[in-house]
Amino acid sequence: MASLLRMPEIAANMIEAVLNEWPVAENATFAAGDPIATVETDKAVVDVPAESAGVLVRCLIEPGKAVSVGAPMAVLAAPGEVIDDVDALVRRLVGGPPATADEPTPAGAREVTQNAEPASATTHARIFASPLARRLAREHNLRVEDLRGSGPNGRIVRDDIRQALAARSDEPAPAAAARPRYDEIPHTRMRRAIATRLSAAARETPVFTIRGSARVDALLALRGELNASAGVKVSVNDLIVAAAARAHAAIPDMNVVWTEEAVRRYHDVDLSVAVATEHGLVTPVVRGAQRLTLSGLAEVSAGLVGRARQGKLRQDELEGGTLTVTNLGVYGTEEFSAVINPPQAAILAVGAARPEAVVVDGAPAVATVLRVTLSVDHRPVDGALAARWMAHFLGLLEAPIRILV
Amino acid sequence: MPELHPLQPEATWTALVTTDADWDEADPALLAAMFHQLVLVRAFEEYVLELAAAGLVHGPAHSSIGQEGGAVGSVLALAPGDEINGSHRGHHQFLAKALQHVAPKGFDLTAELPDEIRTVLLRTLAEICGLARGFSHGRGGSMHLQWKQAGAMGTNAIVGGGVPLAAGFAWAGRQAGTDAVAVTYFGDGAANIGSTLETFNLAAAWRLPVCFFVENNQYAVSTSVAEATGEPRLSARGPGFGIASWRVDGMDPLAVHLAMREAVAHMREGRGPTLVEADTYRYFHQNGPFPGSAFRYRSKQEEAQWRARDPIELLAGHMIRRGLLTEAARDASVAGAKSAMEAAGEMLLEPKPGGKPGERRIRPAEWPDPAFVDVGVRGDLSEFDGARPGGDDVAVHEVKFIDAVAEVMRRRMTADDRIVVMGEDVHRLSGGTNGATKGLKDAFPDRILGTPISENAFTGLAGGIALDGRFRPVVEFMYADFMWVAADQLFNQVGKARHMFGGDGPVPLVLRSKVATGSGYGSQHSMDPAGVFATAPGWRIVAPSTPYDYVGLMNAALRCEDPVVVIEHVDLYNSTGPGPVDDYDYHLPVGRAAVRRGGEAVTVVAYLSMVAEALAAVAESGVDAEVIDLRWLDRASLDWETLGASVRKTNRVLIVEQGPVGTSYGGWLSDEIQRRLFDWLDAPIMRVTGGEASPSISKVLERAAYARREEVAEALRRAGEA
Ligand SMILES: Cc1ncc(C[n+]2csc(CCOP(=O)(O)OP(=O)(O)O)c2C)c(N)n1
Ligand SMILES: [Mg+2]
């Protein structure tokens, strides 16, 4: 019986994935368990194994196309099955012309220009594990695929996890004398993603940095006043993000990203805010930041930060933006520079506001000074432009009432 | 050849017909009150039909047009303190009672109407349209009109379902030492249903001051009276039950009034219930704005004949003849009523944006907030503020379970003379069939009531007592299986009443229900009712496993403002266990379970007699199980804190119960556990239940049909292996 190969749901809540490659040619046979398609999500490249032996009759999707979960990708037939009219069969099974490249919606396939980072392959076969065992495995970075289940139907149960954990902590012990000189912290998917993205960025992007500093006593005073009255609490970082958004709105040529064909200048100012979480760094995007009032921005960003910490951000909340603001002020870091988050054009690294000696009207005085470093993708942005932006931005910090209006 | 002696029922059966002399003698103030009420009710009903035709009434609008004479004539014979209820066709009775309440001296439609009357019109109309300012915030609508302050105790969408409740109102009025009466209005169709007939009997047996007011409008939907019964003179039923009965022309409001005055006097004198049959006619079909003839079950001529005897025309004619009314004043009254309705409509409706000319819609702000949907399914438990929970200060010793049952009831009845117990044989046999009411009949002769065998009627009567609120009924079911014959009262009436009437009316009723599994009484006497009650919003469920718990849970049940079923098990009655030495006043708080044995391996959830069975099985099996005695079983009162903590510790659950799988309790619980605690489960939730069939009489088949310690032990063994 001919059947359809459909895009499997490789990860929970996955909507679509890219068909990377057809490891089997049309009309070629395969055995059960052979990879018959390679698909790629933003997290992984996965071989889809054949459930049983057969023939690949027709590929419906060209490599490089995104396909929604459950959508047909290929027509398969049983070994030796004779098919007279392949086109008719395809029509019967698929019920209409196959999804094509021009369909823009996630319901069909579409062109994918940007490759997500590859990760290790997993298979789609169901592994029986109790809900508790799955949760414990997740929490302890164990892969249920690596475990053997002792429960009914080979189900992995709590005790199997406990055993695996015990084995893990036992492992070095036999080597007795040679105590390990390091701990291996297995890569989480998030750590891998951070690594892949940023090393690609560092490789491909020509970056220059400019520094600046601002006296922020007025800004801190303003924040104190706002928080004494307003319902929403405004952080220093909210003021900085708001200032950056205003600066971007004032100097729209900074609100860009580089693409192969063109410099893309955005209408809205979408800024990412870097949030350190237990599992690593995430950069949710505040959208339309130029339109938000300060308290609106504070609210949105508090929401994003809160959900980031709980690991509840949606993928779409992590995508887009032209600039990231990253702030290590709480750690007392004086000054630092950061790596651009591709495809954004810049990242603003913000240090701590600290008392410093400054010169006021020719005489030394003490003021609270904030130091920032802007790293910029030189492809779409030149130095003079970035310098203008910096001057405007610092001006806002020093006359913060302008952030409010 | 035997001699044949014709027999006569004891009770009287009378047709009352007015004469011109009656019309001439009638008090002008009475006629005026009647006239203005009739005209206003008619205008109200016409307005409702207008809204129904415009699609502005969601659900059926059962019009009373044509039947107003019965309601107005009878309500005007009542006094404040008398209580009424009615059926799906109840706007007219409700309005008559509510208008009488706010304007006891009558009102004049040609003058500006007082605010109280306008408010009644507005709130009634709003309720019928399902709007927030209705008497029940739009929950009840047309068929559930309740305004207790006015003595309108709630109309009912179950044909005959309100009749037993009214017997309860009557009982409460009498027990409170008043001469108040209750009137229950229902149709010719409802004269055939069990609830009604059972209540005829119960009310007559107990000589309750309740009037069965039959609005015989000739049809039940499209079925005629003659088709539905062998004695179409429905008032003929009364004498067979020993009920004094009247038949009267329902199109003649004065005739209805005079008959009702006789009936009310009869009841106030303590001579028992009455039945009044008013022959009348609804001009329209069952519901909506079309005449019945449009649906072919009756003719236009028939409709025209009845319309020619219109109650308002009749009354106005006599009043004009006597110089009590002018034609101009009549027309002005009709116009005044109409404009009062339009003013009420104005408050609720507005032109539909973008609609056709004249098209209206409900003003958006009038709708109830969707968030209100489940509010008030049960009460807020504030009645427990200040209640004393049990604890270490309660001295305990070993007592017999059944003695604690009788003793706590004695204690509560001594302390609280609102409590009344009823059920079959509870007054005899030294405390009923099991001794649960031992010694109580002597101590409280008027509050321990042996009932006729009519679970639906006496459960409904208790429901009526609970709705009335002056007393707190305790109903005993000899066997839990009998809940099915009382199902309408338990589930449609008692369980839904609070929520359906707006969420804030208490329904303090306690049902004691006995499980007799294993006693050889077979398929129809062996049920555990917990599973079925757990599906019914409104009910709380307790299942005590020790004498100590029984006392505390019964005290909680009797304090609670919601209906509570107290499940008892015959296996426990003669068992002994810890019980109070002399303190019968503590209560066990709502929603608190008991951990009977701590353990790590699996959480065993049990209740009632299965707690001891589970503990024995655990001891036998050597599995380190934690055994939880739920105590409170319903969705709202389940102790998730204790259960959750246990499951998070053991990661396994075994729910044990005795009865058949079909009506079992554990189904919903296991669903809820997997929903709340999925990530804490290391194995599928296990259950012990009986088989599919209800237990048989044969001892071996019976034993094979239900679960006990052996089945629990077996399940524990499997849990240990898995
Ligand atoms: C127990 C029950 N059965 C059937 C119905 C459906 N039903 C609603 S009204 C009605 C007719 C009732 O006739 P009657 O008692 O004469 O009252 P009327 O409508 O004539 O006022 C029926 C069958 C119901 N609501 N309840
Ligand atoms: Mg009828």
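Against which helix of chain A do the buried residues of α2(A) pack? They pack against α3 (158-170) of chain A, with contact taken as heavy atoms within 4.5 Å.

This is a predicted model, where local features need pLDDT of at least 70, side-chain atom pairs count only at pLDDT 80 or more, and totals for chains, interfaces and linings use all residues. Residues are numbered from 1 along each chain as its sequence is written, and side-chain values use heavy atoms, without hydrogens and water.

Let's stay with helix α2 (residues 131-139) of chain A, where P131(A), L132(A), A133(A), R135(A), L136(A) and A137(A) are buried (under 20% relative accessible area, 1.4 Å probe, protein chains only). Helices (H or I, at least four residues) and strands (E, at least two) are DSSP runs, numbered from the N terminus. After α2(A) comes N141(A), with a positive phi near 55°.

Over in chain B, E277(B) sits in strand β9 (residues 274-279). E277(B) counts as buried because its relative accessibility is 0%. Beyond its neighbours within four places in sequence, its contacts include V214(B), P232(B) and W246(B). The side chain of E277(B) also makes a polar contact (3.0 Å) with that of N216(B); such a contact is a pair of N or O atoms within 3.5 Å, within protein one able to donate a hydrogen and the other to accept it, and residues adjacent in sequence count only if both atoms are side-chain atoms.

Now for ligand 1 and its polar partners:

| Ligand 1 atom | Partner | Distance |
|---|---|---|
| oxygen | R89(B), side-chain N or O | 2.8 Å |
| nitrogen | V159(B), polar backbone atom | 3.1 Å |
| oxygen | N217(B), side-chain N or O | 2.8 Å |

The protein covers 71% of the 580 Å² of accessible area that ligand 1 has on its own (Shrake-Rupley method, 1.4 Å probe).

Notes. Chains lettered and ligands numbered in written order. Buried < 20%, exposed > 50% of the residue type's maximum accessible area, 1.4 Å probe, protein only.
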